[in-house]
Amino acid sequence: MLSKTESDDEDSSEFICDSKSAVLIDTNGFMIPVQFGIDIFSELQRLGFSNFLTIPAVIFELEKISKTASGNDRTAARVALALSKKCRLLETPHEKGVRKYADDIIIESALRHPVSVLTNDAGLRQKLMKRGIPVVSMRQMHRLDIINQK
């Protein structure tokens with residue numbers, strides 16, 4: 001289920017998920033602009049993506065980092081929270097009493113909905129690629145690229 005963010009003016013019922021136009025952005029994907037000076041939304045549009053998604057677990061991680069980290073990581077997390085408002089929130093099912101890592105929820109969400117995933121996390125990138133999920137990641141420290149594509 002998709003929910004709107006403050007910046008959405010489209011009807012959620014008209015939203016279509018597909019790995020060529022929709023991309024799910026993970027925690028460190030949102031932090032790329034401050035850490036590496038890359039405009040992730042311009043780069044994602046250059047790659048053909050027009051629908052930007054995130055999940056509640058990523059927002060939770062960013063909020064936690066913005067409160068507990070210091071220096072550049074804290075700044076990156078605060079900027080990332082502001083950037084996350086440009087995305088649709090992909091609601092995820094919650095199982096009572098079961099705690100899951102954001103990476104696991106990202107993988108489950110990408111398998112449930114045909115979307116690509118923006119991540120710069122090497123471990124998550126490998127897990128996604130093993131499952132055939134298209135991955136967008138940073139290349140040459142100044143641009144984003146599709147690492148594997150269906």
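Is R143 buried, exposed or partly exposed? R143 is partly exposed, since its relative accessible area comes to 24%. The legends below return to this residue, and they all describe a predicted model.

**View 1. The whole protein chain contains six helices and seven strands.** Followed along the sequence, these elements appear in the pattern β-β-α-α-β-α-α-β-α-β-α-β-β. The protein chain has 150 residues, of which 48% count as buried. Among the contacts in the chain with a separation of 6 or more, 65% are accounted for by residues 24 or more positions apart.

**View 2. Helix α1 packs against helix α4.** Two packed helices can be described by the angle between their axes and by the distance between those axes. Here helix α1, which covers residues 27–36, and helix α4, which covers residues 71–84, meet at an angle of about 125°, and their axes lie 8 Å apart. An angle like this makes α1 oblique to α4, and the crossing of the two helices is right-handed. On the α1 side the contact involves F30, M31, P33, V34 and Q35, while α4 contributes N72, D73, T75, A76, A77, V79, A80, L83 and S84. Sorted by class, the residues of this contact comprise nine nonpolar, four polar and one charged.

**View 3. Helix α1 also packs against helix α3.** The axes of α1 and α3 come within 9 Å and cross at roughly 50°, which makes α1 oblique to α3. The residues that make the contact are T27, F30 and M31 from α1, together with V58, E61, L62 and I65 from α3. By class, this contact of α1 with α3 has five nonpolar, one polar and one charged residues. Readers comparing the views may look for F30 and M31, which take part in the contact with α3 and also in the contact with α4.

**View 4. Helix α5 has buried residues that pack against several other elements.** The helix spans residues 102–112, and its buried residues are A102, I105, I106, I107, S109 and A110. Which elements do the buried residues of α5 pack against? They pack against the strands β2 (22–25), β4 (88–90) and β5 (116–118), and also against the helices α3 (56–68) and α6 (122–130).

**View 5. R46 and E43 form a salt bridge in helix α2.** Side chains of opposite charge can pair when their charged atoms come close. In this pair the closest N and O atoms are 2.8 Å apart. R46 and E43 are three residues apart in helix α2 (residues 40–46), so they are separated by about one helical turn. R46 is partly exposed, with a relative accessible area of 47%, whereas E43 is buried, with a relative accessible area of 14%.

**View 6. R139, R143 and D145 are linked in a network of salt bridges.** The side chain of D145 meets that of R139 in a salt bridge with an N to O distance of 3.7 Å, and the side chains of R143 and D145 meet in another at 3.3 Å, again from N to O. D145 counts as buried because its relative accessible area, 19%, is under 20%. R139 is partly exposed, at 34% relative accessible area, and R143, the residue of the opening question, is likewise partly exposed, at 24%. The count for the model comes to three salt bridges.

Note on methods. Residues numbered from 1 in each chain as written. Predicted model: local features only at pLDDT ≥ 70, side-chain atom pairs only at ≥ 80, totals over all residues. Heavy atoms only, no water. Axes fitted to C-alpha atoms, helices over the stretch in contact; angles between N-to-C directions. Helix = DSSP H or I, 4+ residues; strand = E, 2+ residues; numbered from the N terminus. Parallel < 35°, antiparallel > 145°, perpendicular 65-115°, else oblique. Left-handed = near helix turned anticlockwise from the far one by under 90°. Contact = heavy atoms within 4.5 Å. Nonpolar A, V, L, I, M, F, W, Y, C, P; charged D, E, K, R; others polar. Salt bridge = Lys/Arg side-chain N within 4 Å of Asp/Glu carboxyl O. Buried < 20%, exposed > 50% of the residue type's maximum accessible area, 1.4 Å probe, protein only.
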